[in-house]
Amino acid sequence: MIEQVNGHILAPKQATKYPATLVLGKNGMLTLSSDVHRGQFQLDQTTVTDPIGNMARHITFSSGHVFVSTDPQQLNQWLNIHAKKAG
């Protein structure tokens, strides 16, 4: 099952939030779409902040762009499953 979460992305060294979507695919594949950055990435090619309660976790891509979900619970559930497989 493919899931999608909405959120925003921060470009490196910028405070402006840009709307973004992240498709959470099978086998840890992430597909990011925004006006400032897009592409497909494996979860193990990103840095994910540790979970703190139900707060949104940040996913940092190699370019320095940071994705923050507006639905942290859905993203956290997906990350909990796929981070174990990647690790």
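# A guided reading of a predicted chain

Guide: The secondary structure of the chain comes to one helix and seven strands, and the model in front of you is a predicted one. From the N terminus on, the elements run β-β-β-β-β-β-β-α.

Visitor: How do you know how far the predicted chain can be trusted, and where is confidence lowest and where highest?

Guide: The mean pLDDT of the chain is 89, and 93% of its residues reach 70 or more. Confidence is lowest in helix α1, residues 72–86, with a mean of 81, and highest in β2, with 96. As a general caution, where pLDDT is low, the predicted coordinates should not be read in detail.

Visitor: What makes the sheet an open one, and in which order do its strands stand?

Guide: The seven strands follow one another as β4-β3-β2-β1-β7-β6-β5, with antiparallel pairing, and they form an open sheet. At the edges stand β4 (39–42) and β5 (47–48), each of which has a single partner strand, so one side of each is left without a neighbour in the sheet.

Visitor: How do you know that β1 and β2 count as paired, and how many bridges join them?

Guide: Two strands pair if at least two bridges are found between them; β1 (residues 3–10) and β2 (residues 17–24) have eight bridges, in the antiparallel sense, and therefore they meet that rule. Within this pairing, Gly7 stands opposite Ala20 in β2.

Visitor: What joins β1 to β7, and which residue stands opposite His8?

Guide: Four bridges join β1 to β7, and the two strands run antiparallel. His8 stands opposite Val68, which belongs to β7.

Visitor: Why is the pair of Phe41 and Phe61 called tilted?

Guide: One aromatic pair is counted in this model, and in it the rings of Phe41 and Phe61 lie 4.6 Å apart, centre to centre, with 50° between the planes. Ring centres must lie within 6.5 Å to pair, and planes under 30 degrees apart count as stacked while those over 60 count as edge-to-face; an angle of 50° is neither, so the pair is called tilted. The pair also links distant parts of the chain, since Phe41 is in strand β4 and Phe61 is in the loop between β6 (58–60) and β7 (66–69), 20 residues apart.

Visitor: Are these two rings buried or exposed, and how do you know?

Guide: Buried means under 20% relative accessible area. Phe41 has 13% relative accessibility and so counts as buried, and Phe61, with a relative accessible area of 3%, is buried as well.

Visitor: Which residues have the most contacts inside the largest nonpolar core?

Guide: That core has 15 residues, and those with the most contacts inside it are Leu22, Leu24, Leu30, Leu32, Phe61, Phe67 and Leu75. The elements that give two or more residues to the core are β1, β2, β3 (29–34) and α1.

Visitor: Why is Gln74 called buried, and what does it touch?

Guide: Gln74 lies in helix α1, and at 19% relative accessibility it counts as buried, because the limit is under 20%. Leaving aside residues up to four places away in sequence, Gln74 touches Glu3, Gln4 and Val5.

Visitor: What makes the phi of Lys13 and that of Asn27 worth noting?

Guide: Most residues other than glycine have a negative phi. Lys13, however, has a positive phi of about 60° although it is not a glycine, and Asn27, also a residue other than glycine, has a positive phi near 55°. Lys13 is found in the loop between β1 and β2, in a hairpin that has six residues between the strands, whereas Asn27 is placed in the loop between β2 and β3.

Visitor: Why are Lys13 and Asn27 described as they are in terms of accessibility?

Guide: A residue is exposed at over 50% relative accessible area. With 88% relative accessibility, Lys13 therefore counts as exposed, and Asn27, with 65%, counts as exposed too.

Visitor: How do you know that the radius of gyration agrees with that of a compact globule?

Guide: For 87 residues, a compact globule would have a radius of gyration near 12 Å, and the chain has 12 Å, so the two agree. Along its principal axes the C-alpha trace spans about 30 × 25 × 20 Å, and of the 87 residues 37% count as buried.

Definitions and conventions:
Residues numbered from 1 in each chain as written. Predicted model: local features only at pLDDT ≥ 70, side-chain atom pairs only at ≥ 80, totals over all residues. Heavy atoms only, no water. pLDDT = per-residue confidence, 0-100. Phe/Tyr/Trp six-rings, centres within 6.5 Å; stacked < 30°, edge-to-face > 60°. Buried < 20%, exposed > 50% of the residue type's maximum accessible area, 1.4 Å probe, protein only. Core = buried A, V, L, I, M, F, W, Y, C linked by side-chain atoms within 4.5 Å. Rg over C-alpha atoms; globule rule 2.2 N^0.38 Å. Contact = heavy atoms within 4.5 Å.
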